[in-house]
Amino acid sequence: MANRHQSAIKAARQSIKRQERNRAILRRVRTYIKKVHSAVQEKNTDVAKTSLLEATSELHKAVTKGTLNRNTASRWISRLARRVNSV
């Protein structure tokens with residue numbers, strides 16, 4: 001941790017908080033993505049569609065928080081949608 005200037009100490013604290021928040025958000029997003037994948041593997045279309053909507057919502061929230069880039073989230077959503085539509 002920084003030990004020279006007050007601003008460096010504060011920046012290090014903020015960095016740790018952001019890192020924890022980003023990890024939590026990404027963990028949540030990955031959980032929703034896994035739900036979509038499992039529904040697709042079981043060929044359960046109703047569950048797959050509802051879980052796709054939930055995953056899309058979580059991905060958009062991650063973009064809003066600044067955790068994910070907008071294009072990355074769009075790419076993930078597109079790939080999930082393709083899988084769900086293939087069922």
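## How α1 sits against α2

Helices α1 and α2 pack at an angle of about 160 degrees, with 9 Å between their axes. Anything over 145 degrees counts as roughly antiparallel, so that label fits α1 and α2. Their crossing is left-handed. Keep in mind that this is a predicted model.

On the α1 side, the contact is made by I25, R28, V29, Y32, K35, V36, A39 and V40. They meet V47, A48, S51, L52, E54, A55, E58, L59, A62 and K65 of α2. Sorted by class, that contact between α1 and α2 holds twelve nonpolar, one polar and five charged residues.

## α1 from end to end

Does the length of α1 agree or disagree with what 1.5 Å a residue predicts? It agrees: the 36 residues should span 52 Å, and the end C-alpha atoms of α1 are 53 Å apart. The buried residues of this helix are A12, I25, L26, V29, Y32, I33, V36, A39 and V40. Their cover includes α2 and α3.

Q19 is also part of helix α1. With a relative accessibility of 41%, Q19 counts as partly exposed. From the C-alpha atom of Q19 to that of R30, eleven residues away along the chain, the separation is 16 Å.

## The loop after α1

K43 belongs to the loop between α1 and α2, and it comes just after α1. Its relative accessibility is 65%; over 50% counts as exposed, so K43 gets that label.

What is the sign of phi at K43? It is positive, near 60 degrees, in a residue other than glycine. As background, most residues other than glycine have a negative phi.

## α2 and its buried face

α2 covers residues 45-65, which makes 21 residues. At 1.5 Å a residue those should span 30 Å, and the end C-alpha atoms are indeed 30 Å apart, so expectation and model agree. Buried in this helix are A48, S51, L52, A55, T56, E58, L59 and A62. The buried residues of α2 pack against α1 (6-41) and α3 (70-86). Just after α2, G66 takes a positive phi of about 90 degrees.

E58, a residue of helix α2, is worth a closer look. Is E58 buried or exposed? Its relative accessibility is 9%, and under 20% counts as buried, so E58 is buried. Setting aside neighbours within four places in sequence, E58 is in contact with R28, V29 and Y32. Those three residues also appear in the α1 side of the contact with α2.

## α2 against α3

The angle between α2 and α3 is about 175 degrees, and their axes are 10 Å apart. That makes the two helices roughly antiparallel. From α2, the contact is made by A48, K49, L52, A55, T56, L59, H60 and V63. From α3, it is made by R70, A73, W76, I77, L80, A81 and V84. By class, the contact of α2 with α3 has eleven nonpolar, two polar and two charged residues.

## α1 against α3

Which way does α1 run relative to α3, parallel or antiparallel? The two pack at an angle of about 20 degrees, with axes 9 Å apart. Angles under 35 degrees count as roughly parallel, so α1 is roughly parallel to α3. Helix α1 passes α3 in a left-handed crossing.

In this contact, V29, I33, V36, H37 and V40 of α1 meet W76, L80, R83 and V84 of α3. By class that gives seven nonpolar, one polar and one charged residues.

## R83 on α3

R83 has its place in helix α3. Its relative accessible area is 44%, so R83 is partly exposed. Not counting residues up to four places away in sequence, R83 touches H37 and V40. R83 and V36 are 47 residues apart along the chain, and their C-alpha atoms are separated by 8.8 Å.

Notes
Residues numbered from 1 in each chain as written. Predicted model: local features only at pLDDT ≥ 70, side-chain atom pairs only at ≥ 80, totals over all residues. Heavy atoms only, no water. Helix = DSSP H or I, 4+ residues; strand = E, 2+ residues; numbered from the N terminus. Expected span 1.5 Å × (residues − 1). Buried < 20%, exposed > 50% of the residue type's maximum accessible area, 1.4 Å probe, protein only. Contact = heavy atoms within 4.5 Å. Axes fitted to C-alpha atoms, helices over the stretch in contact; angles between N-to-C directions. Parallel < 35°, antiparallel > 145°, perpendicular 65-115°, else oblique. Left-handed = near helix turned anticlockwise from the far one by under 90°. Nonpolar A, V, L, I, M, F, W, Y, C, P; charged D, E, K, R; others polar.
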